[in-house]
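Thanks for coming. Please look at the structure on the screen while I talk through it.

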Amino acid sequence: MKLQLLRNATLKLDYAGSMILIDPDFGPKHSRPSFTGRSPNPMTELPVATGDILAGVEIVIVSHLHADHFDKVAQDLVPKHLPLICQPGDEEKIRSFGFTGVSPLIDELTVNGIRLKRREGNHGSGAVLDKMGQVMGFTIEADGEPSIYWAGDTILYPPVTQTIEAVSPDIIVTHSCGAKWDDILIVMDAEQTVEVCRIAPEKTKIIATHMEALDHATVTRNDLQTYANTLKIAKHRLIIPHDGETLHLTAPNS
């Protein structure tokens, strides 16, 4: 399989013969307001033209409706006929944008031989949870391909640990920028990401994304790598791709 990080949470997967686009955020640099007063968002440009991103896409997954996961530009540009998978409760809003092939991931769903299963996520803790709203993660599996746990916009909390233990995925994609809202962590930071490395099976590669694109982030790629180095996390286990970078990944027994 091939996994390309575009920017923030936006990924393009070439997986089991299908091209999957996850959480498209296509807005130009500085086209949305700041969260903290530090900078307008997103803070970086897309490294690839939107036409090239959309080329060949057959399936779209939208984990939730925050602008950095499905912005107005993407709502306009993503072809409306494509199968679009979302969390339960978001389907009617997405249909109102003109999309005709919307399917909520209530539990499990198979598309083009790819098995998807919804996983729990907490976009923060305490009082901030109501402000952030519901989110989802998911696992992806297909014959002959590495299994993936896309954790999404979540902190590390017991259901995430339980998913890792139950699924034993070959790849875990984390959101690791340490973003905060009302001074409360709403996605994983360096410490939680490294803890994922420690609790995951030795075979598992952790791919840290959702970094350096939003002004409420508190952890840079360099911060995460430096912290991982101090705890002797091997670089082949924790991968921190740059925007636009494509990873070529295989199942451990391939």
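What volume does the largest pocket have? It has a volume of about 230 Å³. This is a predicted model, in which local features need pLDDT of at least 70 and side-chain atom pairs count only at pLDDT 80 or more, while totals for chains, interfaces and linings use all residues. Residues are numbered from 1 along each chain as its sequence is written, and side-chain values use heavy atoms, with hydrogens and water left out.

First, what a pocket is. On a 1 Å grid over the protein atoms alone, a pocket is an open set of points where a 1.4 Å probe fits, with protein on both sides within 12 Å along at least five of seven lines. Grid points are joined across faces, edges and corners, and the volume is the space filled by probe spheres set on the points.

The largest pocket is lined by 18 residues, and Phe35, His66, Asp68, Trp181 and His216 lie nearest its centre. A lining residue has an atom within 4 Å of a point. By class, the lining has nine nonpolar, six polar and three charged residues. Here Ala, Val, Leu, Ile, Met, Phe, Trp, Tyr, Cys and Pro count as nonpolar, Asp, Glu, Lys and Arg as charged, and the others, Gly among them, as polar.

Now the sheets. Strands are DSSP runs of E with at least two residues, helices are runs of H or I with at least four, and both are numbered from the N terminus. Two strands pair if DSSP finds at least two bridges between them.

One open sheet has seven strands in the order β6-β5-β4-β3-β2-β1-β16, with mixed pairing. Its edge strands are β6 (102–104) and β16 (246–248), each pairing on one side only. From one strand to the next, the twist averages 20°, with axes taken as lines fitted to C-alpha atoms and angles running from 0 to 180 degrees between N-to-C directions.

Follow β2, residues 10–15, in this sheet. Five of its six residues are buried, meaning under 20% relative accessible area with a 1.4 Å probe and protein chains only; over 50% is exposed, and in between is partly exposed. β2 runs antiparallel to β1 (residues 2–7), joined by five bridges, and leucine 11 is the bridge partner of leucine 5. Two residues lie between these strands in their hairpin, where asparagine 8 takes a positive phi near 60°.

On to β3, residues 18–22, which is also antiparallel to β2 over five bridges. Leucine 11 stands opposite isoleucine 22 there. This hairpin has two residues between its strands, and alanine 16 in the turn has a positive phi of about 55°. Is glycine 17, in the loop between β2 and β3, buried or exposed? Glycine 17 counts as exposed because its relative accessibility is 66%. Its C-alpha atom is separated by 9.9 Å from that of alanine 142, 125 residues apart along the chain.

Back at the edge, β1 and β16 are antiparallel over three bridges, with glutamine 4 opposite threonine 246.

Another open sheet of seven strands has the order β7-β8-β9-β10-β11-β14-β15, again with mixed pairing. β7 (108–111) and β15 (238–239) each have a single partner strand, so one side of each is left without a neighbour in the sheet. Inside this sheet, β11 (residues 171–175) runs parallel to β14, joined by five bridges, and threonine 174 stands opposite alanine 208.
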